[in-house]
Amino acid sequence: MAFDLDMIKAVYAGMGARIEAARKVVNKPLTLSEKILYSHLYSDQKLEAFGRGKSYVDFAPDRVAMQDATAQMALLQFMQAGKPTAAVPSTVHCDHLIMAKQGAVEDLRTSLTASGEVFNFLESVSNKYGIGFWKPGAGIIHQVVLENYAFPGGMMIGTDSHTVNAGGLGMVAIGVGGADAVDVMAGMAWELKFPKLIGVKLTGKLSGWTAPKDVILKVAGILTVKGGTGAIVEYFGEGAKSMSCTGKGTICNMGAEIGATTSTFGYDESMDRYLRATERAEVADLANGVKEHLTGDPEVYANPEKYFDQVIEIDLSTLEPHVNGPFTPDRATPVSQMRAEAEKNGWPTKVEWGLIGSCTNSSYEDLSRAASIAKQAVDKKLKTKAEFGINPGSEQIRYTVDRDGFIKIFEDLDARIFTNACGPCIGQWDRAGADKKEKNTIIHSFNRNFSKRADGNPNTHAFVTSPEMVAAIAISGDLGFNPLTDTLTNEDGEQVKLDPPTGWELPEKGFDVEDNGYQAPAADGSGVEVKVAPDSKRLQLLSPFLPWDGNNITGMKLLIKAKGKCTTDHISMAGPWLRFRGHLDNISDNTLTGAVNFANEATDSVKNQLTGEYGTVPATARAYKAAGVPSIVVGDHNYGEGSSREHAAMQPRHLGVKAVLVKSFARIHETNLKKQGMLALTFANEADYDLIQEDDTLDLVDLKDFSEGKPLTLVLNHKDGSSDTIKVNHTYNEQQIGWFRAGSALNLIAAKQKS
């Protein structure tokens with residue numbers, strides 16, 4: 001079934017003329033990314049040759065996707081906007097609030113009971129505002145989007161950083177905070193700084209144990225977790241055409257781990273095959289009619305150095321399988337070097353768990369290739385030394401792989417089949433023994449491996465690799481196992497070797513499903529009532545943040561000076577806290593509890609300057625707020641790396657934090673801070689980070705003159721009576737300064753709706 005066919009027809013109908021107009025203005029051949037961006041300018045946006053990494057541009061995305069953890073806050077904000085229905089096709093997917101513990105049936109039943117209030121809220125809001133609703137168990141948002149909604153040349157945003165997965169079908173798909181989604185659902189322009197462009201030329205062809213996942217694991221090692229910030233990564237070359245559509249999705253998906261705005265591939269035959277296999281032949285036919293617009297101009301790929309800001313070349317024929325980690329997804333190690341690396345760094349080599357799934361690697365191809373390894377293990381009388389878990393990507397995937405016998409193969413190897421949901425990938429894993437916080441190693445096919453992310457244990461060393469490598473390493477139980485060269489001892493004492501994986505790009509018998517879990521909204525939602533109990537612990541209607549009073553902000557107490565990596569997981573943890581994603585006050589009790597305090601090297605322990613005593617970060621922030629004292633947070637490089645969760649911006653705002661000052665921001669988090677009426681500032685001189693002391697009181701002395709391109713002045717008042725004056729930079733334009741003045745971007749939307 002092809003959703004929103006009329007919208008896709010309209011996009012394609014206007015694409016050629018828009019691209020031709022852009023090519024004349026830019027006066028050069030265009031990359032695919034530029035074609036999509038220029039063909040999605042908002043109606044009021046003037047066409048010009050935008051400066052990469054410089055120009056703020058208003059866009060009109062085609063659709064919005066939201067997952068249940070972030071949809072709560074996005075829709076609570078949309079309810080304040082005063083709109084009767086979503087202006088663009090939008091969907092909600094219930095995939096995050098499902099715990100992995102015993103197995104699919106029992107876990108789904110338990111989660112429906114535990115989070116039923118939230119699911120019912122999301123269903124009713126979706127029904128009221130014309131939003132498609134995918135029920136719990138239907139699948140992981142990004143797999144479901146790829147199967148049903150993504151289309152070549154389209155532009156979408158989603159309230160999850162891995163929205164970028166849809167680049168596997170040739171989209172520009174971008175992860176955002178909920179306030180950005182509200183803009184688009186309200187029919188307003190969506191603003192983005194025009195991205196820089198990184199080209200990745202793929203030559204050769206994958207073979208043997210090497211998988212698409214290894215491409216992005218290699219790229220992550222090259223670019224690091226911040227190397228793609230502010231850029232779109234565009235893959236091209238014969239190697240790109242040789243990969244499956246879902247393999248391309250895997251690569252784009254993990255582009256979030258290099259900070260990229262998004263990643264994408266040009267339209268090719270693998271995308272045509274995938275569209276037809278997922279019952280969207282009409283979309284494939286439409287795409288074939290405009291296919292010259294759905295890839296970069298030939299001159300671009302012939303001379304990429306002239307048209308991209310950076311070019312990387314990878315030979316797929318010589319690429320080795322990689323295992324990345326622990327604790328960061330860009331620590332890349334070829335499998336042949338892992339044993340030596342583990343011994344050198346003291347990583348536990350005994351693997352306790354192997355986990356396959358997540359939005360990154362849960363396609364039919366992924367599971368079929370992993371199943372081929374599992375089948376070999378059974379046939380060669382091997383048993384897994386590690387425990388083994390599988391999360392299928394969607395009900396369509398689960399039903400089809402079950403029909404084709406793959407589920408039984410995994411179960412023959414004692415694998416635990418979890419719900420079609422995110423599960424351990426986002427901390428929804430009730431892992432037995434995790435509370436003991438023992439040092440251990442797990443291997444998974446997910447995208448992120450930050451400390452505590454999967455199971456809450458800071459001593460779990462998590463490593464990221466392809467599904468087939470997860471299967472092989474789980475069978476061996478040894479992190480250093482290299483299936484390309486090593487043998488294993490079977491039940492008969494024989495030395496056996498695993499053959500390279502085999503699999504199918506698409507099911508030979510086609511996809512099948514009895515109930516895909518989709519629920520269409522009411523034709524007229526005006527009579528639908530959305531109820532939120534006043535005493536609910538899970539949901540809380542929002543009150544608007546107060547506007548700026550027009551004065552300089554003085555007397556700010558340092559809440560915390562975070563040392564080193566401070567991701568959105570450190571600022572607003574997932575795991576058990578997911579249950580409070582719709583209740584701003586309750587979830588604020590996890591604010592910055594994972595950040596390391598520079599003053600004492602501890603987490604969740606900061607000095608309350610009003611009492612001189614140490615306490616938790618949230619309690620200290622609440623004490624300042626209650627006393628009418630503003631506060632400030634200071635951080636290091638790439639602050640806010642990771643998820644798109646806007647809670648990491650809303651929570652400090654709710655607790656009275658006025659500004660966040662860091663060496664550099666991750667893109668989505670900086671935008672989220674701006675949207676919520678916060679000051680997102682960076683050190684003009686990074687060395688000034690060292691001047692800030694634990695007992696400092698800080699004054700912004702020229703905020704009254706806040707304007708585009710003009711640095712601000714910050715005075716650091718130290719406890720001994722001395723002071724330092726430093727300059728801090730910002731990237732606010734006039735529209736964003738308007739958000740700050742109004743108290744939030746949402747306040748402006750609501751005001752315009754009333755006027």
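How many helices and how many strands does the protein chain have? In this predicted model, the protein chain has 25 helices and 30 strands. The points below begin with the chain as a whole and then turn to its aromatic rings.

**Overall dimensions**

- A compact globule of 755 residues would have a radius of gyration near 27 Å, and the protein chain, with 25 Å, agrees with that expectation.
- When the C-alpha trace of the protein chain is laid along its principal axes, the trace spans about 75 × 60 × 55 Å.

**Burial, contacts and surface**

- Among the 755 residues of the protein chain, 63% count as buried, a label that here stands for a relative accessible area under 20%.
- If one takes the contacts in the protein chain with a separation of 6 or more, 76% of them are accounted for by residues that are 24 or more positions apart.
- The area that the protein chain exposes is about 25,900 Å², and 48% of this area is supplied by carbon and sulfur atoms.
- The protein chain carries 78 positive and 94 negative charges, and the mean positions of these two sets are 2 Å apart.

**A stacked pair of rings**

- The structure holds 26 aromatic pairs, and a pair of this kind is described by the distance of the centres and the angle of the planes.
- In the pair formed by F236 and Y301, the ring centres are 4.7 Å apart and the planes stand at 10 degrees, so the pair is stacked, since planes under 30 degrees apart count as stacked.
- Because F236 belongs to strand β9 (residues 231-236) and Y301 to helix α13 (residues 298-302), this pair ties together parts that are 65 residues apart in sequence.
- Both partners are buried: F236 has a relative accessible area of 4%, while Y301 has a relative accessible area of 19%, and the limit for this label is under 20%.

**An edge-to-face pair and a cluster**

- For Y364 and F511, the ring centres are 6.2 Å apart and the planes stand at 85 degrees, so this pair is edge-to-face, as planes over 60 degrees apart are counted that way.
- Y364 lies in helix α15 (residues 364-379), whereas F511 lies in the loop between β20 (495-496) and β21 (518-519), so the pair ties together parts that are 147 residues apart in sequence.
- Y364 and F511 are both buried.
- Elsewhere in the list of aromatic residues, F3, W134, Y149 and Y518 are linked into a cluster by ring pairs.

Notes
Residues numbered from 1 in each chain as written. Predicted model: local features only at pLDDT ≥ 70, side-chain atom pairs only at ≥ 80, totals over all residues. Heavy atoms only, no water. Helix = DSSP H or I, 4+ residues; strand = E, 2+ residues; numbered from the N terminus. Rg over C-alpha atoms; globule rule 2.2 N^0.38 Å. Buried < 20%, exposed > 50% of the residue type's maximum accessible area, 1.4 Å probe, protein only. Contact = heavy atoms within 4.5 Å. Areas by Shrake-Rupley, 256 points an atom, 1.4 Å probe, with all protein chains shown as cover. Lys, Arg positive; Asp, Glu negative; His and termini not counted. Charge placed at Lys NZ, Arg CZ, Asp CG, Glu CD. Phe/Tyr/Trp six-rings, centres within 6.5 Å; stacked < 30°, edge-to-face > 60°.
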